Amino acid sequence: AGHVLRDGTAPRGRAREERRVAVASVRGGIGGLSAGWRLDALGVRDWCLLELAPTAGGNARSGTNDTGRHPWGAHYLPLPGPEAEHVRALLRDLEVLDADGRWDERMLCHAPQERLWQHGRFHEGVAPMDALTAAEQGQFARLAALVDEFRATGAFTVPAAVGRARLASGSVPGRLADAVRALDRVTARDWLLAHGLTAPALHWWVEYGLRDDYGCALAQGSAWAAVHYAAARPAADEGPLTWPEGNDWIASRLAARAGDRLVTGAPALRMERDGGGWRVRTPRLDVRCRAVVWAAPLFVLPRVLPEARLPVAHDYAPWVVATLLLRRPPAERGFPAAWDSVIYGSPSLGYVDAGHQGLGARPERRTWSWYHAVVGADGRAERRWLRTQRWADWRDRILADLARPHPDIADCVERIDVKVWGHAMARPRPGVLARAATLDGWQPAPGVFVGHADATGFSLLEEAQWHGVRAAEAAARRA
């Protein structure tokens, strides 16, 4: 659908239907769905949400097979801290968090949570601490001390806008504020080397975090982003929250509340001024409105609104997610089967077990979701490479990867489905703080408000929700 828009081959002519609303949102990911949720809370119920795909959810979409639901994208949510006020309000609304601050235990990730394949067996947790020298252990301790110092500044938060505001207000002491800003001028790799942190296991571990949250290699991502991955969260908590279908558990409930205000199969082809408001054209529907929430990636906006001039350019990371249907579980060695299994030294992020949250006896047939962030070049070159890869290439790559911890995996797999996300998320390369500051409060045109995680410069559910809520509040004032 995106390439149809890009190439100008979408059906033309007047839409068959017309609808008038106060606010129209473009794209039914977490940002657009959150905008609708917030508009309802503000008493603005006259809105619609246009989604190009057959279902809403964006990067949180899920699928179904013979074993049940499974994620196709984002599959967990770290427990939101006090700064994530809108996420906490949404989770109270969905009865995940009660009035006394207790989480629904059914939705907290069950034990065992994580394990790492290293040196011929699985170990608990994902930190690669097996068989390290004393010097290498010391480097991990030094990195932890640096992260603790940065965490204490309050400049690293989720959503990131809260921390950036503290940094801009002068509430972070000068020396530490300068150190935080300096992080964003170098890559994570260069920052580690500058601090004498050279251990291969430590570099792998930091890059795992960058690939996991941001789709970045160590030499691509901002050092600020690498620190943010750890410093923006508590050192330890009882999370994360997860469901068999991943974060689509949240998205599907918001979509259900939208009802017929959610229009699927409706890509926004053109936005045109309409008196004091806007007309959003789709192949079968024209929507006339007083305000628009743009909840799609920013790089698409000029295709739909030619007058829009983007003040920043993002590099978008491609991802590959594969769903493996197993006729039986493979042999195991070391720490027992967990929700998330990671392979040390692998270019993949490992796999999650979609049935891990189930209660009672487990059936023999299982579903795993295997994640792979395509890193190492700019996004455009990576996408060109992805177009050369066949399903069989991914099948062989996946089975070879999983054969390291599970030599009998090929005998266990019944089916492999592969999904390619060409523009999965904006990458936080160095300069992400400056790009976010430029986008803070930026409007593409009067009455058009950005409600997408691109306004932060990296993709997390909390960031998408923050900007969706803020855009909805601005749109409600205009509507």
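A cavity is a set of grid points where a 1.4 Å probe fits but cannot get out. The model described here is predicted, and the structure holds two such cavities of 30 Å³ or more. The second largest has a volume of about 50 Å³. The largest has a volume of about 60 Å³.

Start with the largest cavity. Its lining consists of L33, G36, W37, D40, W47, L49, L254, R257 and A258. Three elements, α2, β3 and α10, each supply at least two of these residues. The largest share comes from α2, with four residues. By class, the lining has six nonpolar, one polar and two charged residues.

The second largest cavity has its own set of walls. Its lining is made of P71, H75, T242, W243, P244, W339, V352, D353, A354 and Q357. Here the classes divide into six nonpolar, three polar and one charged.

Next comes the packing. In soluble globular proteins, nonpolar side chains tend to be buried together. The largest nonpolar core of this model has 45 residues. Those with the most contacts inside this core are V23, L91, V96, W103, L241 and I250. The elements giving two or more residues to the core are α2 (30-41), β3 (47-50), α3 (85-93), α10 (248-258), β12 (291-294) and α16 (461-478). The most comes from α16, which gives eight residues. Three of these contributors, α2, β3 and α10, were met above as suppliers of the lining of the largest cavity.

What does I250 touch, leaving aside residues up to four places away in sequence? I250 touches L77, L90, L91, L94, W243 and L461. One of these, W243, also lines the second largest cavity. Apart from the largest core lies another core, of 39 residues. Among its members are L176, L202, V206 and L210.

Now the strands. Strands of a sheet pair through backbone hydrogen bonds, either parallel or antiparallel. Five strands of the model form an open sheet, in the order β8-β3-β2-β12-β18, with parallel pairing. The edges are β8 (262-263) and β18 (448-450); each has a single partner strand, so one side of each is left without a neighbour in the sheet. At the β18 end, β12 and β18 pair in the parallel sense over three bridges. The bridge partner of W294 in β18 is V450. Two strands of this sheet, β3 and β12, also give residues to the largest core.

Turn to β11, residues 285-289. How many of its five residues are buried? Five of the five are, and the strand is mostly covered. Both faces are closed off: L285, V287 and C289 are buried on one side, D286 and R288 on the other. Four bridges join β11 to β1 (residues 17-20), and these two strands run parallel. In this pairing E17 stands opposite L285. Four bridges also join β11 to β10 (residues 277-281), but here the strands run antiparallel. W278 stands opposite C289. Three residues lie between β10 and β11, which form a hairpin.

The backbone has some unusual spots. Most residues other than glycine have a negative phi, and most peptide bonds are trans. In this model, a cis peptide bond joins A111 and P112, with omega about -5 degrees. P112 sits in the loop between α3 and β6 (114-118). Another cis peptide bond joins G239 and P240, with omega about 5 degrees. P240 belongs to the loop between α9 (223-231) and α10.

Positive phi values turn up at H119 and A131. H119 is not a glycine, yet its phi is about 55 degrees. H119 lies in the loop between β6 and β7 (121-124). Is H119 buried or exposed? H119 counts as exposed because its relative accessibility is 54%, and the cut-off for exposed is over 50%. A131 is likewise not a glycine, and its phi is about 60 degrees. The loop between β7 and α4 (134-153) holds A131. With a relative accessibility of 64%, A131 also counts as exposed.

How values were computed. Residues numbered from 1 in each chain as written. Predicted model: local features only at pLDDT ≥ 70, side-chain atom pairs only at ≥ 80, totals over all residues. Heavy atoms only, no water. Core = buried A, V, L, I, M, F, W, Y, C linked by side-chain atoms within 4.5 Å. Buried < 20%, exposed > 50% of the residue type's maximum accessible area, 1.4 Å probe, protein only. Contact = heavy atoms within 4.5 Å. 1 Å grid on protein atoms, 1.4 Å probe; cavity = no way out; pocket = protein on both sides within 12 Å on 5 of 7 lines; lining within 4 Å. Points joined across faces, edges and corners; volume = space filled by probe spheres on them. Nonpolar A, V, L, I, M, F, W, Y, C, P; charged D, E, K, R; others polar. Pairing = 2+ DSSP bridges.
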